[in-house]
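Trainee: Got a minute? I'd like to walk through this one with you.
Mentor: Sure, put it up and ask away.

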Amino acid sequence: MIAHLYAVLCAASAAPASPTMPAEWQAELTAAVTAAERDAPAAGEALRRLRGLDPAHYLSRRRPDPEVGRELKPLAEVAWPWMLELLRQDPPAYPFAPRDAYPTALSPAAFAELRAREVAALRVGLIG
């Protein structure tokens, strides 16, 4: 099973957002996600609350760019099923901040740019 999931990760990192996956791999990944939800719910919750994707956090930094690599590294051992599932999805089914969490003066184009940077930061963090 791990060999299949590793192959999925390699395929996702080479071509993010691949919409297809062999059915047996998808079944194994779904089973791994279900097991992780049962065995390590705190890791899943931590993965869904990454500060590096929270605009209130990253926009206040000296360099206001989304970044999650440091947060994901310690989670990877337990949260890898969710991480693989997020890598497989296009766009990732991550609970990004709602529009009202951003500065009110932000134009729609600037909001779209920030969201694209958040998606890119998530993918880089998941691969790294």
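**Working through the model**

Mentor: Start with Lys73, which sits in helix α5. Keep in mind that this is a predicted model.

Trainee: Is Lys73 buried or exposed?
Mentor: Exposed. Its relative accessibility is 68%, and the cut-off for exposed is over 50%, so Lys73 qualifies.

Trainee: Which residue is 55 positions from Lys73 in sequence, and what is the C-alpha to C-alpha distance?
Mentor: That is Gly128. The two C-alphas are 8.0 Å apart.

Trainee: Let's stay in that helix. Where is Glu85?
Mentor: Glu85 is in helix α5 too.

Trainee: And is Glu85 buried or exposed?
Mentor: Buried. Its relative accessibility is 16%, and buried means under 20%, so Glu85 makes the cut.

Trainee: What does Glu85 touch?
Mentor: Leaving out residues up to four places away in sequence, Glu85 touches Gln26, Leu29 and Val33.

Trainee: Zoom out. How many helices and strands are there?
Mentor: Six helices and zero strands in the protein chain. Along the sequence the pattern reads α-α-α-α-α-α.

Trainee: How much of the chain is buried?
Mentor: Buried residues are 38% of the 128 in the protein chain.

Trainee: And the surface, what does that come to?
Mentor: About 7,500 Å² is accessible on the protein chain. Carbon and sulfur atoms hold 61% of that area.

Trainee: What about contacts between residues far apart in sequence?
Mentor: Take the contacts in the protein chain with a separation of 6 or more. Of these, 71% are between residues 24 or more positions apart.

Trainee: New topic, pockets. What volume does the second largest one have?
Mentor: About 200 Å³.

Trainee: Which helix gives the most to the lining of that second largest pocket?
Mentor: Helix α5, residues 69-88. It gives three residues to the lining.

Trainee: Which residues line the second largest pocket?
Mentor: Among them are Arg51, His57, Arg61, Arg63, Asp65, Glu67, Arg70 and Glu71. Gly52, Pro66, Val68 and Gly69 also line the pocket.

Trainee: How do they divide by character?
Mentor: Two are nonpolar, three are polar and seven are charged.

Trainee: What follows α5? Where is Pro91?
Mentor: Pro91 is in the loop between α5 and α6, with α6 running 108-127.

Trainee: What kind of peptide bond leads from Asp90 to Pro91?
Mentor: A cis one. Omega for Asp90 to Pro91 is near -5 degrees.

Trainee: On to α6. Is Leu114 buried or exposed?
Mentor: Leu114 is in helix α6. At 7% relative accessible area, Leu114 is buried.

Trainee: What does Leu114 touch?
Mentor: Tyr58, Leu59, Tyr102 and Leu106, again not counting residues up to four places away in sequence. Leu114 and Leu59 are 55 residues apart in sequence, with C-alphas 9.9 Å apart.

Trainee: Tyr102 makes me think of rings. How many aromatic pairs does the structure hold?
Mentor: Two. One of them joins Tyr102 and Phe111, with ring centres 4.9 Å apart.

Trainee: Why does the pair of Tyr102 and Phe111 count as edge-to-face?
Mentor: Because the planes are at 85 degrees, and over 60 counts as edge-to-face.

Trainee: Are Tyr102 and Phe111 buried or exposed?
Mentor: Tyr102 is buried, with a relative accessible area of 3%. Phe111 is buried as well, at 18%.

Note on methods. Residues numbered from 1 in each chain as written. Predicted model: local features only at pLDDT ≥ 70, side-chain atom pairs only at ≥ 80, totals over all residues. Heavy atoms only, no water. Phe/Tyr/Trp six-rings, centres within 6.5 Å; stacked < 30°, edge-to-face > 60°. Buried < 20%, exposed > 50% of the residue type's maximum accessible area, 1.4 Å probe, protein only. Helix = DSSP H or I, 4+ residues; strand = E, 2+ residues; numbered from the N terminus. Contact = heavy atoms within 4.5 Å. Areas by Shrake-Rupley, 256 points an atom, 1.4 Å probe, with all protein chains shown as cover. 1 Å grid on protein atoms, 1.4 Å probe; cavity = no way out; pocket = protein on both sides within 12 Å on 5 of 7 lines; lining within 4 Å. Points joined across faces, edges and corners; volume = space filled by probe spheres on them. Nonpolar A, V, L, I, M, F, W, Y, C, P; charged D, E, K, R; others polar.
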